[in-house]
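Reader: I am a first-year student, and I would like a close look at one part of this model. Please start inside and work outwards from there.

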Amino acid sequence: AGDPANLPPNVADWSRYLGEGVAVRAYGRPSEHESHVIRRDVEWLTASRESSVSFTPLHELDGPITPNGLCFERHHGGIAELNPQDYRLVLHGLVDRELVFTLDDIKRMPRVNRAHFAECAANSGMEWRGAQLNGCQFTHGMIHCVMYTGVPLRVLLAEAGVKPTAKWLLLEGADASGMTRSLPMEKALDDCLVAYRMNGEMLRPENGYPVRMVVPGWEANMWVKWLRRIEVGDEPWYHREETSKYTDLLENGTARKFTFVMDAKSVITSPSPQAPINHGRGFTVISGLAWSGRGAISGVDVSLDGGRNWRPARLDGPVWGKALTRFYYELDWDGSPLLLQSRARDETGYVQPTKNELRAVRGLNSIYHNNGIQTWHVTAAGEVENVEVS
Ligand code: MTE
Ligand code: CO
């Protein structure tokens, strides 16, 4: 209702003439009125855009699936431009037969469809020492959840024949950063996918076109994009991304390493700082996302008073393992200020901790794996800010 003159019973101008025909937009795009729903970056965060991150606009989305064009991006050396004709995946090392796959070879192998979240280990990392960024897009937006189509990694490994001494794999990307991570064989044989489609269509260039590794429930840094080489070995490689980065320096001077699993976490996406309550008191829907790298979400509780009292939220839509799960809490808001929190629980019984509980165990040096409970302060005016309660 942009123009009051167009409100019923007037006949809107757009109903007097024919609209655009089919295929005028050969590839569909969102309405021009939704142009604010975009990935955003934080300029001061990194020195260059080629090694930076953009954030998923979680506050503008609903349901469990992230649209392809809104999936956060994290590149260490910019977006690699791969030509599917020239694409090759090398599988070598402790195998009976060293193999080179083309994209067509991979597409001819048995495939599966699985929805999984990919969360950067650094998601919420800027919040470790206290509330900082104003919006769930920035505090929690290094996550996306899409339906992947791909070949189970174990199928490729079976084709090559893995030697009995093989314990680890090296995954290597074809981008300028040559991203490399060591992956334990047990996980490789469990649920990893060599994926080439997201939400039905081929991967987007920024997400690893034409092939990326999907490592369900584990930190997204291991989800190597533009995957070009898998080496089979008997021990980890201790590359940069698993020593200097993606480890957590503890107070006693030692560092946690190989912290692969993303523990259960949740966030209220609406209301949130970028999505205030603008209708005043009355019925409103509190909505959010929960996920766990250990399996399915079994429940989410919501608190209106900074964690003193908890009420069960309603899970809605598919509850897939290691995927984003949507929750709702319907509220007749009386207009009084709120300290909104959500707390996720997964099928292993693990309960999302408070930020202070995390700090008590991990100290203050951490960046990665901050799955602490988020607090939003909702004012009487409906504005929302990022705060912490002790
Ligand atoms: N793979 C390659 N080849 N190069 C990269 O820079 N970044 C990693 C991982 N895989 C990266 C990569 C990191 S840190 C994350 S969080 C995810 O990819 C991001 O995946 P996305 O860009 O699809 O969101
Ligand atoms: Co990352």
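Author: Start with strand β2, residues 73-75, which gives the most to the lining of the largest cavity: three residues. Strands (E, at least two residues) and helices (H or I, at least four) are DSSP runs, numbered from the N terminus. This is a predicted model, in which local features need pLDDT of at least 70 and side-chain atom pairs pLDDT 80 or more, while totals for chains, interfaces and linings use all residues. Residues count from 1 along each chain as its sequence is written, chains are lettered from A and ligands numbered from 1 in the order written, and side-chain values use heavy atoms, without hydrogens and water.

The largest cavity holds about 230 Å³ of space. A cavity is a set of points, on a 1 Å grid over the protein atoms alone, where a 1.4 Å probe fits but cannot get out; a pocket is an open set with protein on both sides within 12 Å along at least five of seven lines; lining residues have an atom within 4 Å of a point. Volume is the space filled by probe spheres set on the points, which are joined across faces, edges and corners.

In all, 19 residues line the largest cavity. Closest to its centre are Arg 74, Arg 212, Ala 220, Trp 223 and Lys 225. By class, the lining has nine nonpolar, five polar and five charged residues. Nonpolar covers Ala, Val, Leu, Ile, Met, Phe, Trp, Tyr, Cys and Pro; charged covers Asp, Glu, Lys and Arg; the others, Gly among them, are polar.

Now take the other spaces. The structure holds four cavities of 30 Å³ or more. The second largest has a volume of about 50 Å³. Its lining includes Leu 58, Leu 289 and Arg 326. Six of its lining residues are nonpolar, two polar and two charged.

Next come the pockets. The largest pocket has a volume of about 520 Å³. Of its 23 lining residues, Thr 46, Arg 74, Ala 122, Tyr 246 and Tyr 368 lie nearest the centre. Ten are nonpolar, nine polar and four charged. Arg 74 is thus listed for the largest cavity and for the largest pocket. The second largest pocket fills about 390 Å³. Nearest its centre, among 16 lining residues, are Arg 29, Pro 30, Val 37, Gly 69 and Leu 70.

Turn to the charged pairs. The structure holds 24 salt bridges, each a side-chain nitrogen of Lys or Arg within 4 Å of a carboxyl oxygen of Asp or Glu. Asp 191 and Lys 322 form one, with N and O 2.8 Å apart. Asp 191 sits in the loop between α4 (185-190) and β9 (193-198), and Lys 322 in the loop between β19 (314-316) and β20 (325-333), so the pair ties together parts 131 residues apart in sequence. Both residues are buried; buried means under 20% relative accessible area, exposed over 50%, and partly exposed in between (1.4 Å probe, protein chains only).

Arg 345 and Asp 301 form another, at 3.2 Å from N to O. Arg 345 is in strand β21 (338-346) and Asp 301 in strand β17 (297-303), 44 residues apart. Arg 345 is partly exposed at 30%; Asp 301 is buried at 10%. Both strands belong to an open antiparallel sheet of five, in the order β18-β17-β21-β22-β23, where two strands pair if DSSP finds at least two bridges between them. The edge strands, β18 and β23, pair on one side only.
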